[in-house]
Structures are given as structure tokens and as C-alpha cells.
Amino acid sequence: MRSPLISIRDLKVHFDLGGGTVWDKVAGGNRARRVVKAIDGVSLDIFEGETLGLVGESGSGKSTIARLITRIQKPTSGSILFNGDDITHERPERIARRGVVRSFQISSVFPNLTVKENLQLGAYTRSDKAGIAQDLELAVGQGVHGLSS
């Protein structure tokens, strides 16, 4: 049986907006504790070679999940495994060195650079030049155009 490349279990991000304290009750403030549940119990597996698309309305948590996986944001609870290793509490730069990075929805990051140069720039944390060259060749095979020098 295949093991997932990324495994997310019961991931939650809750924002405590306060309220519900003794002072709130005495002063006539909000008597109920207010909590916004941005992500509440997300679980999913991504296997090597798969592509996952998160679709939803604005504010539905798609970007929050990406920020959690790359540890730009801390989860309230839950776990994130990469290749079987728990990365839930790892520092973002360590996760990036593992090859887990976030890509932004920008059609032209550096318009004065070629597609190949933009991809090479994205590999700045990598030291394996042969691996980078191999990945660029793979991108060509996947139909990425404009990779000429």
C-alpha cells in the first residue's frame, strides 16, 4: 500500500475574538466567547504524482491550508506529515528545504525574466544543480513552454 506524500489530519485554525469573561458579563459586553473557525477538522492525503486543487469561495480556507502546510501560519490543532515525518511544528525554512513550498497565483512573477529563469529562481534553496536541471527537463516534458535560455 502506498504511503501519502502529505497527510493532514484533523487540522484546525480557530481565532479567539474574546468575550465571555466575568467582566463582559458585569459590564454588559458579549456574554458568549467568540471564536471564528477558519479551518475546522480538515483531513486529506496527497500521494506522489497527484495534483490537488482546492476549490471554494473567497474566505473558505484554501489559502489558510497552504499557509499551514508551509508553516507560514500555526494550526490550533491537528497534524501535518510529509513523507511520514511530522512537520506540524517545524520552522518554515526547514519545510522549504524539504521541497514543500507555496506557489502564488501570479501569472508573471518577474516579467523581465524567461520562464526558465523564473523556475530557476524558485529553486534558490536547492544546492543540487543536477537535480534542478532534471526538474527543468521534467517541466519541459509536462508542457511548460518558454524554457529556452
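# Exercises on a predicted protein chain

Just after helix H2, the backbone of Arg71 adopts a positive phi of about 65°. The model examined in these exercises is predicted.

## Exercise 1. The overall composition

Determine how many helices and strands the protein chain contains, and in which pattern they follow one another along the sequence.

Solution.
- Step 1. The count of secondary structure elements gives 5 helices and 4 strands.
- Step 2. Reading along the sequence, one finds the pattern β-α-β-α-β-β-α-α-α.
- Step 3. Of the 149 residues in the protein chain, 23% are buried.
- Step 4. The accessible surface amounts to about 10,700 Å², and carbon and sulfur atoms account for 53% of that surface.
- Step 5. Among contacts between residues at least 6 apart in sequence, 57% join residues at least 24 apart.

## Exercise 2. The sheet

Establish in which order the 4 strands are arranged in the sheet, and which strands lie at its edges.

Solution.
- Step 1. Strands S1 and S2 run antiparallel and are joined by 10 bridges. Within this pairing, Leu11 has Val42 of S2 as its bridge partner.
- Step 2. S1 also runs antiparallel to S3, with 5 bridges between the two strands. Two residue pairs illustrate this: Ser7 stands opposite Leu81 in S3, and Ile8 has Ile80 of S3 as its bridge partner.
- Step 3. The complete order is S2-S1-S3-S4, in an open sheet with antiparallel pairing.
- Step 4. S2 and S4 (85-86) are the edge strands, since each pairs on one side only.

## Exercise 3. The buried face of H2

Identify which residues of helix H2 (residues 62-69) are buried, and explain why they line one face of the helix.

Solution.
- Step 1. With a relative accessible area under 20% as the criterion for burial, the buried residues in H2 are Thr64, Ile65, Leu68 and Ile69.
- Step 2. Viewed down the axis of H2, these buried residues fall within an arc of 135°, and therefore they line one face of the helix.
- Step 3. The general geometry is relevant here: an α-helix has 3.6 residues a turn, so residues three or four places apart point the same way.
- Step 4. The cover over the buried residues of H2 includes strands S1 (6-18), S2 (34-46) and S3 (77-82), together with helix H3 (92-97).

## Exercise 4. A salt bridge between separate parts of the chain

State which parts of the chain the pair of Glu50 and Arg2 ties together.

Solution.
- Step 1. Glu50 and Arg2 form a salt bridge whose closest N and O atoms are 3.9 Å apart.
- Step 2. Glu50 belongs to the loop between S2 and H2, whereas Arg2 belongs to the segment before S1, so the pair ties together parts that are 48 residues apart in sequence.
- Step 3. Glu50 is partly exposed at a relative accessible area of 41%, while Arg2 counts as exposed at 53% relative accessibility.
- Step 4. For context, the structure holds 9 salt bridges.

## Exercise 5. A network of charged residues

Find which residues are joined into one network by salt bridges that share partners.

Solution.
- Step 1. Arg98 forms a salt bridge with Asp85, with 3.1 Å between the closest N and O atoms. This pair links distant parts of the chain, 13 residues apart: Arg98 is in the loop between H3 and H4, and Asp85 is in strand S4.
- Step 2. Both partners are partly exposed, Arg98 with a relative accessible area of 28% and Asp85 with one of 36%.
- Step 3. Glu90 and Arg94 also meet through their side chains in a salt bridge, at 3.7 Å from N to O.
- Step 4. Here Glu90 is buried, at a relative accessible area of 12%, whereas Arg94 is partly exposed, at 46%.
- Step 5. Salt bridges with shared partners unite Asp85, Glu90, Arg94 and Arg98 in one network.

## Exercise 6. A nonpolar surface patch

Name which residues form a nonpolar patch on the surface, and give its accessible area.

Solution.
- Step 1. The patch consists of Val109, Phe110, Leu113 and Leu121.
- Step 2. Together these residues have about 320 Å² of accessible area.
- Step 3. Of these residues, Val109 can be placed in the loop between H3 and helix H4 (115-122).

Definitions and conventions. Residues numbered from 1 in each chain as written. Predicted model: local features only at pLDDT ≥ 70, side-chain atom pairs only at ≥ 80, totals over all residues. Heavy atoms only, no water. Buried < 20%, exposed > 50% of the residue type's maximum accessible area, 1.4 Å probe, protein only. Arc of directions from axis to C-beta. Contact = heavy atoms within 4.5 Å. Patch = residues over 30% accessible without salt bridge, like charges linked within 9 Å, V, L, I, M, F, W, Y side chains within 5 Å. Areas by Shrake-Rupley, 256 points an atom, 1.4 Å probe, with all protein chains shown as cover. Salt bridge = Lys/Arg side-chain N within 4 Å of Asp/Glu carboxyl O. Pairing = 2+ DSSP bridges.
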